[in-house]
Amino acid sequence: MTDTLAGLISIALLLSLLAVAYVPVGDHMARVFTSTRHLRVERAIYRLTGVGPDAEQSPRSYATSVVGFTLVSVALLMGILLAQAHLPLSRDLDGMPWWMSFNTAISFVTNTNWQSYAGESTLGFTAQMAGLAVQNFLSAAVGIAVAVALIRGFARSRSGSLGNFWVDLTRATVRILLPLAFVGAVTLMAGGVIQTFSDTTATTLTGASQVIPGGPVASQEAIKLLGNNGGGFFNANSAHPFENPTAYTNLLEVFLILVLPVCLTRTLGTMVGNRRQGLAVLGAMTVLAGTALAAATWAESGAHAPSAQAAGAAMEGKETRFGEWASSLFAVATTGTSTGAVNASHDSMTPVGGGATLVNMMLGEVAPGGVGAGIYGILVMAILAVFVCGLMVGRTPELLGKKIRAREMTWVALYALTTPTLVLLGTGAAIARDSTADAMGNPGGHGFSEVLYAYTSAANNNGSAFGGITVTSDFFQITLGLAMLLGRLIPIVLVLMLAGSLAQQAKVPVTAGTLPTHRPLFVGMLVGVIVIMTALTYVPALALGPIAEALA
């Protein structure tokens, strides 16, 4: 079997698995967030935390809960990382340094999972399980809750509330993430991913002793992928044979990355009573993701870069058990969502392939985007698209029965400007420092791409990296940490204010002048708006990095 045929079969299998899961998983999530019934375990959690599960929250109260929960989570996780040496199962490892723990805590709480350390040599099992894995669940649940709040904004009429954040957070964790992660962990274990609570000392061929790190990897791997977190138990992430041993587990991991973001489009359609709208959103996501996958696969498998032509293949930085096709698929899936896991070194990709992963994040990670974040991100872009259409025809724009007025566009404009501002200011500040040249793993355009990629990944809450750059200095720990925190909280607050503004409106009836937003014409318009916005914002920066490198 040729590499091309194997790659096409893998993509076909992945699409088939997603198609099978689409309706049941999407409808299950819709039922979870529209049900009035509380499970026993949920009621116990509410009693323990003092939450009134039947009380609704205003947009401001919902946003305050999200921000407060995030900041408290950062403080608690920092405490675990700093005090690691005093915890059980610490593997005799010291606590993290202050600024590294600051960066890591923000990273995992914001669903970014950027890692400036090697997991197997820095963290013990308790810190991994009670600290990082817990936040893998909770940060994903926060994203789902915010997405559901925005969907309620479209679905409700003349309402001053968006639901209850604490109920949404609990339900997302208990009814969605925990069951699916359990099944995913067992399936990964069956495929060879390890699940132990000890290291192993082995004797090498020369008679020396070597410690082989172990740990509860499968359980963390499942939620790392399912929740679009991405932080690896090992430094090599999903390129490590203990995390991703075979082509079978590789395909399963890509499926886990994509299943919830894809199925949330079905949840959108079900909750607003217009399933064709969910399919339209999925169509826009598919066009963007398919284009990125085609570009990356063409670049990586065709040996188009000079070094790849000399070697006969672009296999540098890739695992031989996966090859170019599976590596390209994983790279596009992980940067099209907010996952950040890697099964190959993005730093070693060709200029076009690496550029595709970079642009994937710059699109706002809406192809299909992170768990929750992808849906609310592309809905914000859909509002912008109908606003542009309204300007062209001279009519007040509408989306899902809600008028898009100046108030809504204010929130949309601020949302669209937030992440690019963080990316470009962070990159500019880093490049202006003389010491950044020493941190780059490569000179010239590729070195600039490493810095640009770091801040793009942080502000978009992705977490993957061009591995050549060294980010252990206090400057990078602090600035990347702030980019992750602001890149998470500011868009969430803006989305919730937008949701509240929409929920307060009455539904407007569909008339002959209403723009159909579930048809291919609007899908094309939405894709065009996303691409144009990205180009206007980032092309100058891209011209200094991957574009210059490709032309050279």
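1. Let me start with the second largest cavity of this predicted model. Its lining is made up of His 346, Asp 347, Met 349, Thr 350, Pro 351, Gly 354, Gly 355, His 446, Ser 449, Phe 466, Pro 546 and Glu 549. Three elements give two or more residues to that lining: H13, helix H17 (444–459) and helix H20 (546–551). H13 has the largest share, with three residues.

2. What is the character of the residues around the second largest cavity? Four are nonpolar, six are polar and two are charged. The space inside the second largest cavity comes to about 40 Å³.

3. A search over the whole structure turns up two cavities of 30 Å³ or more. The largest cavity has a volume of about 450 Å³, and 32 residues line it. If you would like a place to begin looking, Gly 364, Glu 365, Tyr 415, Thr 419 and Asn 460 are the lining residues nearest its centre.

4. Which helices supply at least two residues each to the lining of the largest cavity? They are helix H6 (125–155), helix H13 (351–362), helix H14 (373–393), helix H15 (406–431), helix H18 (474–503) and helix H19 (520–544). H19 gives the most, with five residues. H13 is worth a second glance, as it contributes at least two residues to the lining of the largest cavity and three to that of the second largest.

5. On chemistry, the lining of the largest cavity divides into 17 nonpolar, 13 polar and two charged residues. One of the lining residues nearest the centre of the largest cavity is Glu 365.

Methods: Residues are numbered from 1 along each chain as its sequence is written. This is a predicted model: local features need pLDDT of at least 70, side-chain atom pairs count only at pLDDT 80 or more; totals for chains, interfaces and linings use all residues. Side-chain values use heavy atoms; hydrogens and water are left out. On a 1 Å grid over the protein atoms alone, a cavity is a set of points where a 1.4 Å probe fits but cannot get out, and a pocket is an open set with protein on both sides within 12 Å along at least five of seven lines; lining residues have an atom within 4 Å of a point. Grid points are joined across faces, edges and corners, and a volume is the space filled by probe spheres set on the points. Helices (H or I, at least four residues) and strands (E, at least two) are DSSP runs, numbered from the N terminus. Ala, Val, Leu, Ile, Met, Phe, Trp, Tyr, Cys and Pro count as nonpolar, Asp, Glu, Lys and Arg as charged, and the others, Gly among them, as polar.
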